[in-house]
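These are my notebook entries on a structure I examined at my desk. I set down what I looked up, entry by entry.

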Amino acid sequence: MTSGLAQKKSTTVKLRTFFVEDNPTIRENLIATLAELADVEAVGIAETESDASQWLNSNPDAWDLVIVDLFLREGSGLGIVSDFKHRTASQKMLVLSNYATMQLQMSESDALL
């Protein structure tokens with residue numbers, strides 16, 4: 001017997017996210033945490049700027065968000081952001097770093113000018 005109340009089916013749309021991080025531990029923890037706390041679905045990973053650029057160019061409509069580490073084993077997160085200025089308005093890029101030195105802060109602010 002039903003109670004007469006309509007049950008709503010969850011229609012949450014997951015944010016298709018591509019991760020660019022060369023540290024496997026950080027990458028795996030970030031993916032797991034965001035999958036649990038936010039509606040994030042990992043659609044791919046890369047460890048270098050060139051691998052990320054290749055995947056993003058080959059899959060232009062497969063992602064909503066790119067989370068990229070500022071410092072990579074090869075290349076940089078800013079290089080990826082610069083290469084993908086042509087992305088759609090709904091596609092976003094987030095650059096993260098675990099470095100917090102005064103020198104880095106100055107370099108980042110200069111880069112944004």
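**Entry 1: Asp64**

I began with Asp64 and asked whether this residue is buried or exposed. In this predicted model, Asp64 has a relative accessibility of 18% and therefore counts as buried, the cut-off being under 20%. I placed Asp64 in the loop between helix 2 and strand 3. I then listed what Asp64 touches, leaving out residues up to four places away in sequence. The list holds Lys14, Leu15 and Arg16, together with Ser90, Gln91 and Lys92.

**Entry 2: the chain as a whole**

I next went through the secondary structure. I found four helices and four strands in the protein chain, and along the sequence they follow the pattern β-α-β-α-β-α-β-α. The protein chain has 113 residues, of which 27% count as buried. I also looked up the contacts with a separation of 6 or more: 76% of them are between residues 24 or more positions apart.

**Entry 3: the sheet**

In what order do the four strands stand in the sheet? I read the order as 2-1-3-4, in an open sheet with parallel pairing. Strand 2 (40-46) and strand 4 (92-96) are at the edges; each has a single partner strand, so one side of each is left without a neighbour in the sheet. From one strand to the next, the twist averages 25°.

I took the pairings in turn.

- Strand 1 pairs with strand 2 in the parallel sense over six bridges; within this pairing I noted Ala42 of strand 2 as the bridge partner of Thr17.
- Strand 1 also pairs with strand 3, again in the parallel sense, over four bridges. Phe19 has Ile67 of strand 3 as its bridge partner, and Val20 stands opposite Val68 in strand 3.
- Strand 3 and strand 4 run parallel and are joined by five bridges; Asp69 stands opposite Leu96 of strand 4.

I checked the handedness of two crossovers. Strand 1, helix 1 and strand 2 make a right-handed β-α-β unit. Strand 3, helix 3 and strand 4 likewise make a right-handed β-α-β unit.

**Entry 4: helix 2 against the sheet**

I turned to helix 2. This helix lies across strand 1, strand 2, strand 3 and strand 4, and runs at about 155° to strand 1. Which residues of helix 2 are buried? I recorded Glu49, Ala52, Ser53 and Leu56. These residues cover an arc of only 100° around the axis, which puts them on the same side of helix 2. The general rule is that an α-helix has 3.6 residues a turn, so residues three or four places apart point the same way.

On the face of helix 2 turned away from the buried side, I found the exposed residues Gln54 and Ser58. I also asked what covers the buried residues of helix 2. The cover includes strand 1, strand 2, strand 3 and strand 4, as well as helix 3 (77-83).

**Entry 5: Ser53**

I looked at one residue of helix 2, Ser53, in its own right. Its relative accessible area is 10%, so Ser53 is buried. Not counting residues up to four places away in sequence, Ser53 touches Asp83 and Phe84. I also looked up the separation between the C-alpha atoms of Ser53 and Gly79, which is 9.2 Å, although the two residues are 26 residues apart along the chain.

**Entry 6: the nonpolar core**

My last search was for the largest nonpolar core. I found twelve residues in this core: Phe18, Val20, Ala46, Ala52, Leu56, Trp63, Val66, Val68, Leu72, Ile80, Phe84 and Met93. Strand 1 (15-20), helix 2 (49-58) and strand 3 (65-69) each supply at least two residues of this core. In soluble globular proteins, nonpolar side chains tend to be buried together.

Within the core I followed Ala52. Which residues is Ala52 in contact with, leaving aside neighbours within four places in sequence? I recorded Phe18, Val20, Ala46 and Ile80. Ala52 is also among the buried residues of helix 2, and Phe84, a residue of this core, is touched by Ser53.

Methods: Residues are numbered from 1 along each chain as its sequence is written. This is a predicted model: local features need pLDDT of at least 70, side-chain atom pairs count only at pLDDT 80 or more; totals for chains, interfaces and linings use all residues. Side-chain values use heavy atoms; hydrogens and water are left out. A nonpolar core is a set of buried Ala, Val, Leu, Ile, Met, Phe, Trp, Tyr and Cys residues joined through side-chain atoms within 4.5 Å. Buried means under 20% relative accessible area, exposed over 50%, partly exposed in between (1.4 Å probe, protein chains only). Contact means heavy atoms within 4.5 Å. Two strands pair if DSSP finds at least two bridges between them. Axes are lines fitted to C-alpha atoms, for helices over the stretch in contact, and angles run from 0 to 180 degrees between N-to-C directions. The arc is that of the directions from the helix axis to the C-beta atoms. A crossover is right-handed if, with the strands pointing away from the viewer, the path from the first strand over the helix to the second runs clockwise.
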